[in-house]
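Visitor: I am new to this structure and would like to learn how to read it feature by feature. Could you show it to me before we begin?

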Amino acid sequence: MHVLKSALALACLALLVYEGASSPANRCGVLGQCEQVNSSRSADPVTVSLYYESLCPGCRQFLVLQLMPTFIMLNDIMSVELFPYGNAEEKQVGDKYEFTCQHGPDECLGNMIETCVMKKVPSAAVPVIYCMEAAENVVKAAESCLAVFSPETSFGDIMACVNGNEGNQLMHENAKKTAALQPPHQYVPWVTINGEHTEELQQKAMNSLFLLVCSLYKGEAPPGCKLGQKAVKTSYC
């Protein structure tokens, strides 16, 4: 994870196109050019859905080495859905739910923080979660990652969601969506492409999500698809 912290976190900060009138990219007109390119994409984006756990090593590796780099390069032809739950279990107690996670209470907390980030700051959720998963300690990194990518958002608001009924119900929704997978998930990371999961799609996503998205996009492929991406070995939980 030290490599993830150094090289990849810096790459994310350098490459991520972040909206904002004060950004150098906006001032020099790059964002305007991107909008023109994006508007020329007439086909539906490829939807990549990741069912994962916040402390699963294989999930973290896939999110950091595959999903985020691919999203940076191909965000105009793909959309991302994240469901942090995985192999957790839930038990209803009164009108609330108690969750038990594969990698312990810290994973449950990490899952909940990331779920509430997606609810409260959807526009910055992917980079915030990437930042957390690339850090040495996922949970401890949450506040600083939020400050970097959504400085106007109070971490207290995120934790109010985490510790309140809202977060509890959001995690229950993650549990229901995970349980409804067809075929049922057998491991994490579990990837669906446009709502479909097959072992062939899973292996292609694990080897090179970048090449898979490029191959499935039905419109004119962006120039980046011609560059390719090396295969990456990953693991499961």
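Visitor: Is E200 buried or exposed?

Guide: This is a predicted model, in which local features need pLDDT of at least 70 and side-chain atom pairs count only at pLDDT 80 or more, while totals for chains, interfaces and linings use all residues. Residues are numbered from 1 along each chain as its sequence is written, and side-chain values use heavy atoms, with hydrogens and water left out. As for the general idea, buried means under 20% relative accessible area, exposed means over 50%, and partly exposed lies in between, with a 1.4 Å probe and protein chains only. E200 has a relative accessible area of 53%, so E200 is exposed.

Visitor: Which residue does the side chain of E200 meet in a salt bridge?

Guide: A salt bridge is a side-chain nitrogen of Lys or Arg within 4 Å of a carboxyl oxygen of Asp or Glu. E200 meets K204 in this way, at 3.2 Å from N to O, and K204 is partly exposed at 39% relative accessibility. Both residues lie in helix α10 (residues 199-216), four residues apart, which is about one turn of the helix. Helices here are DSSP runs of H or I with at least four residues, strands are runs of E with at least two, and both are numbered from the N terminus.

Visitor: How many salt bridges does the structure hold?

Guide: The structure holds four salt bridges, and one of them joins K176 to E173, with the closest N and O atoms 3.1 Å apart. These two residues both lie in helix α9 (residues 165-179), three residues apart; K176 is partly exposed at 41%, and E173 is partly exposed at 31%.

Visitor: Which parts does the salt bridge between E133 and R60 tie together?

Guide: In this pair the closest N and O atoms are 3.5 Å apart. E133 lies in helix α6 (residues 125-134) and R60 in helix α4, so the salt bridge ties together parts that are 73 residues apart in sequence. E133 counts as buried at 1% relative accessibility, and R60 counts as buried at 9%.

Visitor: What else does E133 touch in helix α4, and how is a contact defined?

Guide: Contact means heavy atoms within 4.5 Å. L63, whose place is in helix α4, touches E133, and its other contacts beyond four places in sequence include L50, I129 and Y130. L63 is buried, with a relative accessible area of 3%.

Visitor: In what order do the strands of the sheet run?

Guide: Strands of a sheet pair through backbone hydrogen bonds, either parallel or antiparallel. For the reading used here, two strands pair if DSSP finds at least two bridges between them. Three strands form an open sheet in the order β2-β1-β5, with mixed pairing. Strands β2 (78-84) and β5 stand at the edges with a single partner strand each, so one side of each is left without a neighbour in the sheet. Strand β1 (residues 46-52) pairs with β5 in the antiparallel sense over four bridges, and Y51 stands opposite W190 in β5.

Visitor: Where in this sheet is V191 found, and is V191 buried or exposed?

Guide: V191 is found in strand β5 (residues 190-193), and V191 is buried, with a relative accessible area of 1%. Leaving aside neighbours within four places in sequence, V191 is in contact with residues including V48, L50, F62 and M206. The C-alpha atoms of V191 and L201, ten residues apart along the chain, are separated by 8.0 Å.
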